[in-house]
Protein chains: 2
Amino acid sequence: MTDATPRYLVGVDGGGTGCRAAIADLTGRLLGQGAAGPANATTDLAQTIVNVRVALDAAAVGLPAGALKHSVAHVGLAGVLDGDIARAVAEELMMRNVTVTDDRAISVAGALGARDGVLAAIGTGSTLAAQRGDSILRIGGWGLNLGDQASGAWLGRELLEHALLVHDGLADGCALSTAMLEAFGGPGGIVRFASKARPADYAAFAPRIVAAGQAGQAAGRLLMLRGAAYLMDALAAMEFGRDDVLCLTGGLGPHYAEHLPEEVRTRIIAPEGSALDGALALAKAAFERGTGR
Amino acid sequence: MTDATPRYLVGVDGGGTGCRAAIADLTGRLLGQGAAGPANATTDLAQTIVNVRVALDAAAVGLPAGALKHSVAHVGLAGVLDGDIARAVAEELMMRNVTVTDDRAISVAGALGARDGVLAAIGTGSTLAAQRGDSILRIGGWGLNLGDQASGAWLGRELLEHALLVHDGLADGCALSTAMLEAFGGPGGIVRFASKARPADYAAFAPRIVAAGQAGQAAGRLLMLRGAAYLMDALAAMEFGRDDVLCLTGGLGPHYAEHLPEEVRTRIIAPEGSALDGALALAKAAFERGTGR
């Protein structure tokens, strides 16, 4: 049916905070954008479908009716943990040519484009992905309880743990840990804070750690180097080499650059684009392969 | 008033699981014991008073009426965080000569008696106390979020974190981490477990870690040595020396002995008695000093 011939590219980037959609012509020229509420497919599938639909409709305003039906789409959402969830989302969206993946796939495509390399996304949490041609290897992203090393939440928690060791005489004091002990009125206050703290609460201390590390203060520098050591372990496990580039994103990512060794630092590049750019790029690639389903 | 002359010694040991009381004559000979429900003074003061009373009354069965009024008592309870809580408990108990402290004071008195040394109580949580004459220096006991190093919960959580690093290729695999990954059906299962796990849930894996350490398996041995390194740091901060003894109690404590260096290992002694024995001993000391109020 000629009726189904693709005329547009569609990209969607969805996460726990909100989702964004973009529509472009077949050359990738942007025609419209839209945004809506949360779209984590595991947290709430029904809400996710509604919000993605709202964002898509907003992006398509001003285009001919039925534009979305004549498109090749790539939808990247948080919470797409396996093929079953991806299929469920694709069915509910009722678009002809749609590929559904998790949001890391579009983050990598956006940041690295077609280049081989590693994306280290380090904000409140942390996750790494290595792209080699068509394959993506992932490391981390397990959450603060047992992982998220080098993340903002991890840095904040390490600082408070360090402050308690200082109080007990098991670690050398420093301006930063002394400030924490004073701010909380002693170790009891820190323990009470931790009993209710969520990752974002710990991550609120990350900027002070970054600043202390930049100023060369002992504890700040130690924690940043500990995070950098994790990143180096991950790069080694991904066999990061001379042909790879490294992209550091998120609120914390770029701050690790100065704590990485010279041979890695020289391979750092700025991200080519956003995760939404990545979704559009993957839709374009699917269209060009003629496999946009 | 001769009516108030002490004729008995009373000891109470209370914690989050239950409380126990003991009555002895003025030489320390045991006359009766009783037990009741939880007695953590911070968690629930009213319930604590009721349960301690029940345990005391049960211990006094068969003794002359009013025996408790003619006693010198030491009550050691979890959750006695400061002097205000201690005074509140003492007032509510309405006994003439009663001293209220936290449960660590009676644990130290029970385990070490009058000897100088260190008590390392390591079960689901961990806490250390150094006794030098009349003074007690405490280290740790901050809970699993930011502390409790070397504890059963800490060991279990370290194992699961290690298993995720193994999955990501950032740590060498071993029988124990492989078994955990299989038991949980992969890293996702481990992350889901951790999202709801309480310290006791993590501590359930400690016996397997102890056994692996004893068998010389890499991961088990590594984790036990990491816990032992924390204990050595704490001993150094407490200036553990030639005149000190070391008492390792709790479900995990004794298992660290084989991972400590020779010069420390030779100073390990079995606990002289229980925390309840310690409470009675502190009551006896107060009576002998004539300061049992």
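A pocket, as the word is used here, is an open set of grid points with protein on both sides within 12 Å along at least five of seven lines, and its lining residues are those that have an atom within 4 Å of a point. In this predicted model, the second largest pocket is lined by 48 residues, and Asn40(A), Ala78(A), Gly79(A), Asp103(A) and Gly141(A) are the ones that lie nearest its centre. Several elements of chain A give two or more residues to this lining, namely helix H2 (83–93), strand S5 (97–102), helix H3 (103–112), strand S6 (117–122), strand S7 (126–132) and helix H7 (199–203), and they are joined by helix H6 (187–196) of chain B. The largest share of the lining, five residues, comes from H6(B). The volume of this second largest pocket is about 1,700 Å³, and by class its lining has 17 nonpolar, 22 polar and nine charged residues.

From the pocket we turn to the interface of the two chains, where 26 residues of chain B are in contact with 26 residues of chain A. Between them the chains bury about 2,100 Å², with 66% of that area on carbon and sulfur atoms. On the side of chain B, Trp142(B), Leu146(B) and Leu170(B) lose the most area to chain A, and together they account for 37% of what that side buries. The count of salt bridges between chain B and chain A is zero, whereas six residue pairs, both members at pLDDT 80 or more, are found in polar contact across the interface.

As for the elements involved, strand S8 (135–140), helix H4 (152–167), H6 and helix H9 (218–237) of chain B each give two or more residues to the side that touches chain A. The largest share of that side, six residues, comes from H4(B), and by class the side has 15 nonpolar, six polar and five charged residues.

Technical notes. Residues numbered from 1 in each chain as written. Chains lettered and ligands numbered in written order. Predicted model: local features only at pLDDT ≥ 70, side-chain atom pairs only at ≥ 80, totals over all residues. Heavy atoms only, no water. 1 Å grid on protein atoms, 1.4 Å probe; cavity = no way out; pocket = protein on both sides within 12 Å on 5 of 7 lines; lining within 4 Å. Points joined across faces, edges and corners; volume = space filled by probe spheres on them. Helix = DSSP H or I, 4+ residues; strand = E, 2+ residues; numbered from the N terminus. Nonpolar A, V, L, I, M, F, W, Y, C, P; charged D, E, K, R; others polar. Contact = heavy atoms within 4.5 Å. Buried area = accessible area lost by both parts, 1.4 Å probe. Salt bridge = Lys/Arg side-chain N within 4 Å of Asp/Glu carboxyl O. Polar contact = N/O pair within 3.5 Å; in protein donor to acceptor, adjacent residues only side chain to side chain.
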